[in-house]
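Please look over the model below before reading on. The points that follow concern its pockets and its nonpolar cores.

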Amino acid sequence: MDAPDIVVPVREGAVNRQLRYALRSWAAHLPHGRVWIVGYLPPWAQTAEHLPLLQGGTKYANTTAAVHRACENPLISDPFILCNDDFFVMHGLTEVPVLHRGPVREVEAYYAARASGAYLRGMRETATLLGELGHPDPLSYELHVPMTIDKTKMLQALDLGSHLDVVHKRTLYGNLAQLGGGQIADVKILHRAPTGYTANDVFLSTMPDSFANGRVGQHIRKAFPEPSVYERPGRY
């Protein structure tokens, strides 16, 4: 069986050094077919396939539209690997593991104690919908790690959640598809300090500031100093 393609939504207008190094990490450590950039194609990118997408909504709506577009495209493998432009694979994989963050009720309590807003509201609304669909204690799949996507099942999930402003599409898909999997803490590093990760971690993710100015960014850039096949020669 051929290795699945990688799909990565990319927002408009970004130079996006994180994507550059994410691509280097995937080329080195994540077996795949083609890479599909959905949305904006940075000028330095080459050899990756490009699926243009008008991005006129919120970041949540834009990424949902990108996933929907990828699922409908017959040229993209089924299944495919869904990544974000700030997902780094630090060690070699033979396949993408199925991972979750634990029960949504626990993740909700974590966020509710710290903030409110669209993301938390979407988490609650997605959990309520899953309860109505027969999943009263759903798992959260909102991790910053690659996830393997079955096109038909994801399209079914997106259709069921289409009335939500901020659908937690990974969580909706993961529970409806009954993926199960192993539990981990999220790998997103929000700060500049050299804590929260080790050299043995397979997955890392960053914020723009922690990548540009933090120790985790130095760690990632040191791991992948050479351009990948997805970068044009020259400075961009």
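**Pockets and cores**

1. The second largest pocket has a volume of about 220 Å³. P4, I81, T94, E95 and V96 are the closest to its centre among the 12 residues that line this pocket. Its lining is made of 8 nonpolar, 2 polar and 2 charged residues.

2. This is a predicted model, in which local features need pLDDT of at least 70, side-chain atom pairs count only at pLDDT 80 or more, and totals for chains, interfaces and linings use all residues. Residues are numbered from 1 along each chain as its sequence is written, and side-chain values use heavy atoms, with hydrogens and water left out.

3. The largest pocket holds about 1,400 Å³ of space. It is lined by 39 residues, and K59, Y60, N84, H144 and K188 are the closest to its centre. Helix 2 (59-72) is among the elements that supply at least two residues of this lining, and the largest share, 6 residues, comes from helix 2.

4. The largest nonpolar core (buried residues, under 20% relative accessible area with a 1.4 Å probe, joined through side-chain atoms within 4.5 Å) has 35 residues. W26, L30, V35, I37, F88, L204 and I220 have the most contacts inside this core. Elements giving two or more residues to the core include strand 1 (6-10) and helix 8 (215-223). Helix 1 gives the largest share, 5 residues.

5. Leaving aside neighbours within four places in sequence, L30 is in contact (heavy atoms within 4.5 Å) with residues including I6, I81, V89 and P146. Another core, of 25 residues, lies apart from the largest one, and L82, A157, L164 and L172 are among its members.

Key. Buried means under 20% relative accessible area, exposed over 50%, partly exposed in between (1.4 Å probe, protein chains only). Helices (H or I, at least four residues) and strands (E, at least two) are DSSP runs, numbered from the N terminus. On a 1 Å grid over the protein atoms alone, a cavity is a set of points where a 1.4 Å probe fits but cannot get out, and a pocket is an open set with protein on both sides within 12 Å along at least five of seven lines; lining residues have an atom within 4 Å of a point. Grid points are joined across faces, edges and corners, and a volume is the space filled by probe spheres set on the points. Ala, Val, Leu, Ile, Met, Phe, Trp, Tyr, Cys and Pro count as nonpolar, Asp, Glu, Lys and Arg as charged, and the others, Gly among them, as polar.
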